[in-house]
Amino acid sequence: MTAEPSEVDEYWMRRAIELSRLCPPSETAFSVGAVIVDADGNEIASGYSRETDPHVHAEESALAKLAADDARLGSATIYSTLEPCAQRRSRPQTCTELILAASIPRVVFAWREPDLFVNDAQGIVALQLSGVQVDQLTHLAGEAKSANVHLLRNDYEADG
């Protein structure tokens, strides 16, 4: 699952990290950024948590900016700073379900969802079981977590 990071992957993940820093702070949800990139390497949509309402997730926000039948989605990559959610109370569909419905064949993320709001998150497993290529850029996890330092103080203290 963990990919050798390419310069392209790093570039787009850093773009998603920048977006995560735009999120209005929340004590009950992570700040996440997401970017959808087409097969030609062009950004076709982006989003961040709480961009349009208090409950919207980053992947959901980015996907909402494209038509459901946009042909580019079938060969796109979505970059998300956090593992896409597989459990959700605030919406009928999870981000994992939205990604699968959009037929996006590749997901790149920086860090796995910790057990703060959801125990044993299964977004990555659900995507892989559906045939989606999933790659993790673990070396960027610290940067991806940085927008959430207020939620993860113990995690940062444990990291030293």
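This section describes the fold, nonpolar cores, charged pairs and aromatic pairs of a predicted model.

The chain contains six helices and five strands. Read from the N terminus, its elements follow the order α-β-β-α-β-α-β-α-β-α-α. Of the 160 residues in the chain, 49% are buried. The accessible surface amounts to about 7,800 Å², and carbon and sulfur atoms contribute 49% of that area. Among the contacts with a separation of 6 or more, 70% are made by residues 24 or more positions apart.

Strand pairing is illustrated by β3 and β4. These two strands run parallel and are joined by five bridges. One of the residue pairs involved is T77 with R106, the latter being the bridge partner in β4. Strand β4 is mostly covered, since six of its six residues fall in the buried class, under 20% relative accessible area.

In soluble globular proteins, nonpolar side chains tend to be buried together. In the present model, the largest nonpolar core comprises 24 residues, and the members with the most contacts inside it are M13, F30, V35, Y79 and W111. At least two residues of this core come from each of α1 (7-20), β1 (33-37), β3 (77-82), β4 (106-111) and α5 (141-145). The greatest contribution is that of α1, which provides five residues. The surroundings of M13 were examined with residues up to four places away in sequence left out of the count; on this basis M13 touches Y79, S80, T81, V108, F109, A110, L137 and L140. A second core, separate from the one just described, consists of 19 residues, including A62, L66, V107 and L127.

Charged side chains were considered next. Side chains of opposite charge can pair when their charged atoms come close. A search of the whole structure yields nine salt bridges. One of them lies within helix α1, where E10 and R14 are four residues apart and therefore separated by about one helical turn. The closest N and O atoms of E10 and R14 are 3.9 Å apart, a distance that satisfies the 4 Å limit for a salt bridge. Both partners are partly exposed: the relative accessibility is 24% for E10 and 35% for R14.

A further salt bridge brings together the side chains of K65 and E51, with an N to O distance of 2.9 Å. This pair links distant parts of the chain, 14 residues apart: K65 is located in the loop between α2 (58-64) and β3, whereas E51 is located in the loop between β2 (43-48) and α2. K65 has a relative accessibility of 43% and is classed as partly exposed. E51 is likewise partly exposed, its relative accessible area being 27%.

D70 and R72 also form a salt bridge, their closest N and O atoms lying 2.7 Å apart. Here the partners belong to separate accessibility classes. D70 has a relative accessible area of 16% and is therefore buried, while R72, at 36% relative accessibility, is partly exposed. In addition, D9, R106 and D135 are joined into one network by salt bridges that share partners. R106 of this network is also the β4 residue bridged to T77.

Aromatic pairing completes the description. Two aromatic pairs are found in a search of the whole structure. In the pair formed by Y11 and W12, the ring centres are 4.8 Å apart and the planes enclose 85 degrees, giving an edge-to-face arrangement. Y11 is exposed, with a relative accessible area of 52%, whereas W12 is buried, with a value of 8%.

The other pair consists of F30 and W111; because their planes stand at 85 degrees, with ring centres 5.5 Å apart, this pair is edge-to-face. F30 is situated in the loop between α1 and β1 and W111 in strand β4, so the pair ties together parts of the chain that are 81 residues apart in sequence. F30 is buried at 7% relative accessibility, and W111 is buried with a relative accessible area of 3%. F30 and W111 are also among the residues with the most contacts inside the largest nonpolar core.

Conventions: Residues are numbered from 1 along each chain as its sequence is written. This is a predicted model: local features need pLDDT of at least 70, side-chain atom pairs count only at pLDDT 80 or more; totals for chains, interfaces and linings use all residues. Side-chain values use heavy atoms; hydrogens and water are left out. Buried means under 20% relative accessible area, exposed over 50%, partly exposed in between (1.4 Å probe, protein chains only). Contact means heavy atoms within 4.5 Å. Accessible areas come from the Shrake-Rupley method with a 1.4 Å probe; for residues, only the protein chains shown count as cover. A nonpolar core is a set of buried Ala, Val, Leu, Ile, Met, Phe, Trp, Tyr and Cys residues joined through side-chain atoms within 4.5 Å. Rings of Phe, Tyr and Trp (its six-membered ring) pair if their centres lie within 6.5 Å; planes under 30 degrees apart count as stacked, over 60 as edge-to-face and the rest as tilted. Two strands pair if DSSP finds at least two bridges between them.
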